[in-house]
Structures are given as C-alpha cells and as structure tokens.
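Please load the model and colour it by chain position before starting, since the tour moves from one selection to the next. Each stop says what to select and what is there.

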Amino acid sequence: MAKVNRNYLKLPGSYLFSDIGKKVRAYEEAHPEAKVIRLGIGDVTQPLCPAVIEALHKATDEMSSKDTFKGYAPDLGYEFLRNVIAEKDFKENGCDISADEIFVSDGAKCDCGNIQEIFSEDNTIAVCDPVYPVYVDSNVMAGRCGDYDDVRGLFSKVIYMPCDASNNFVPEFPEKVPDLIYLCFPNNPTGAVITKDRLQEWVDYANKNHSVILYDAAYEAYISEENVPHSIYECEGARECAIEFRSFSKTAGFTGLRLGFTVIPKDLKVEGVSLWNLWARRHGTKYNGAPYIVQRAGEAVYSEEGRTQVKQQIAYYMENAKLILEGLKAAGYEVHGGVNAPYIWLRTPQGMTSWEFFDYLLTKANVVGTPGVGFGPHGENYFRLTAFGDRDNTIEALSRIKAM
Ligand SMILES: Cc1ncc(COP(=O)(O)O)c(C=O)c1O
C-alpha cells in the first residue's frame, strides 16, 4: 500500500499568497468598478532590458543551426556564465570564489528549498521570525521541524530568532546552537540589512559551533549604503561555514525567465565531508540545468550595457521605494526597510492585526499588500509593501493611503 509523506500534512493552511489572491478576487467580484493596485507579491513589473533581449534573440538563433545548437548544459552551468559571475560578483568585490564553486540553476527558490537535502534529518534549523516561508516549509517536508502549534504559529523543533524594531530586524544568537542557520540580507520581508561587522560575528559563531550558514542574497543588487556586505564571502572564514544563494529574478527581472546560482566553497566540510561534492552529486542526479538561452541572457546582465540597464531598473524600483517610504512617514506611519531593499515594512496603525490592516487597505484604498504575520508570528502588526509596482500605480496607491 502506498503511503504519503505525512510531513506534508504538517504544513499549515494554504500558501500565504493564495489566501491573499482569494480575498482580492472576492473583493473584485463584489466591486467590479474598483481599480485595485497590487503592491503585495514580490514580482517585478519592468520588461527585460535591451541587452538581455538581444542575447536571448542571438542564443535562440544559435539553436536553429546544427553547428551552434546546444543540448543539455554542463552540470554546474556554462563556463561563460560561471566565469563572469566569479569575476564580477565576487573577485571584483574582494571575495575569493572561483567559477567551479558556482552552481547555476533556475532560481534561488529551488536552491533554498532543496539545499536541506544534503544535511542530516536530525539537524536543527534556525530561521528569522518573520521569514521567507520556503526555508521552514522545505524543512517541514523533510521531517526536520517537529509539530506545528496552531496557536503560536510555530514548529516545535525550529529555532526562531525574533526580528523586530528592537534589534533592527537583525537576529541575536539563539540560546540553543542550531546546526543550520538561514540568513537573508537584504531581507524579505522586512527590507533590513546586516552590517559587515555583525555578519562577521555570525560567521565566527558558525565556525566556532560547526554550524552552516545558508545565506540568501537574492536582493544583493538593491544595496545602496556603505558597510553593507553584498556577499557573505566578504567575511573572513565564510568559506568554511557558508553557502550563498543568488538570483537574477530581482537583479535583472528574470522572475519569468528563471536563473539563479548557489555558491559552495570547496573548503566547506561537515564531518569531514565536502558539501560541494554532495551538492554536485545532487545536482547531477536531480537537475538538468538552466536553458542555454537563459544562461546567455544571464551573461548579458554582466556586459557593460547590461550592467547599466539593470542598474537603471533597480533605480526605478528604488525610487518607488523612496516614494512609499517618505509618503508613509509623512502620513504618520512607522516604516522600515526600503533603502537597501525593494520592501517597505510598516507597523500597522492603532494596533490593528496584519490581516485587519490588509482588509482595511483593500476596502478603503483598493491597495493590496502582504500581512506581516504571514511571514511568522513576529510579523504580526506589520505589513509589507513592495516597490516593484509601476510608478503611476505606486503614486496613486500612496495618495489613496494618505487619504484613508
Ligand atoms: C528571499 C528570497 N529568496 C529567494 C527568492 C526566489 O528567487 P527566484 O525567483 O530566483 O526563485 C525570493 C523571491 O521572492 C526571495 O524573496
């Protein structure tokens, strides 16, 4: 008799964004005249930049000729892409990462979700609270998180590290030492960043305790301030304790195209076993690579024109972020993030719960955001708005919010 993976049954409710989608659809059906503005889901709205489009066309043409056609990609990804990543993302920033430590994939979500497979089932995980849900859910599916407490909204075996205004949304070291530590900076959902010194302390902590840091740098391209690390490998000793995830989704608008990569230094060993070897084995067995055409598009992001064009896109979103941040501040809201990240994390007014504020914003301003509690209990009384909308909609949304 077949049996299901019962760990899946421990996952609470449906996915946050499907709950939001249902509520918004119901509202739109009841109010067909309303022009609803979505500043909820973290998807980009700007088209791919010309350098990327040109590379896509060129690579597509190559696929039409026997001489230049490409089949399966190499396991780790094409060298032309890994070389340019190693050079521009790491070496130019003083990080000692080589091309053969980069595993190209179709995005950071899969990698963040799959990485737990190479660790023991009885490892403990620590996550920030609030948190990007993939880290916890993927470990729940693997049976690493214990049971879910409906009332507290927590799993019994997960170490939660509260992040709120009192610690600038950067976690303290937990009482119990975790085996695996998920960190994400710039952070989704809070928009917070970590200083280089503080990240160095986390690296030292992990090395001292033989823990591994799983560092999600999907929003690295949005960093605008000094002394904010773009990569964990800027810290001394990170090669011995950290894996880093990167994505082209928010950097270059690849959410629909799909491209990302994971960095595993060859020095990173757990119980004497190379994590690079384990991930390479997994990659070879379960993954057949991002498309050639898309990897060529990724390469174009690093060309001179690509870099300039992508920077303009990011500047566009960050101008939205500034408008939201300043607009909400002027309207009396307590706001965080939005300076080194495309997310604005605001405190709900008058002690409203996150979902109360969601309903209030939807019905009074026809604006959709994301309830903070959807990212964890410490997200209660907070709310996330994204800067990924288009400019006119962002301005319109703000004027409606101010008028509420
Ligand atoms: C923190 C974080 N990591 C990873 C991802 C997923 O990125 P990708 O589109 O590359 O799968 C997201 C997407 O929203 C994210 O917010």
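In the class counts used here, Ala, Val, Leu, Ile, Met, Phe, Trp, Tyr, Cys and Pro are taken as nonpolar, Asp, Glu, Lys and Arg as charged, and the others, with Gly among them, as polar. The model on screen is a predicted one.

Begin with the ligand and select the 14 residues around it, of which G107, K109, N188, S247 and S249 come nearest. By class, this shell holds five nonpolar, seven polar and two charged residues, and its largest share, three residues, is supplied by helix α4 (residues 108–114).

Next, select the open sheet of seven strands, whose order is β2-β10-β9-β8-β7-β3-β6 and whose pairing is mixed. The edge strands, each paired on one side only, are β2 (102–105) and β6 (159–162), and from one strand to the next the twist averages 20°. Within the sheet, pick out β8 (residues 212–216) and β9 (residues 242–247), which pair in the parallel sense over four bridges; here L214 stands opposite I243 in β9. Adding helix α6 (residues 196–209) to the selection shows a helix that lies across β7 (180–184), β8 and β9 and runs at about 145° to β8.

Finally, colour domain 1 (12–47 + 307–403) and domain 2 (53–304) separately; their C-alpha centres lie 25 Å apart. The contact between them takes 30 residues from domain 1 and 37 residues from domain 2. On the side of domain 1 that touches domain 2, α10 (304–330) gives the most, with six residues, and the residues of that side divide into 14 nonpolar, 13 polar and three charged.

Conventions:
Residues are numbered from 1 along each chain as its sequence is written. This is a predicted model: local features need pLDDT of at least 70, side-chain atom pairs count only at pLDDT 80 or more; totals for chains, interfaces and linings use all residues. A residue is near a molecule or strand if its C-beta atom, placed from the backbone, lies within 6 Å of it. Helices (H or I, at least four residues) and strands (E, at least two) are DSSP runs, numbered from the N terminus. Two strands pair if DSSP finds at least two bridges between them. Axes are lines fitted to C-alpha atoms, for helices over the stretch in contact, and angles run from 0 to 180 degrees between N-to-C directions. Two residues are in contact if their C-beta atoms, placed from the backbone, lie within 7 Å. Domain bounds come from an automatic or database domain assignment.
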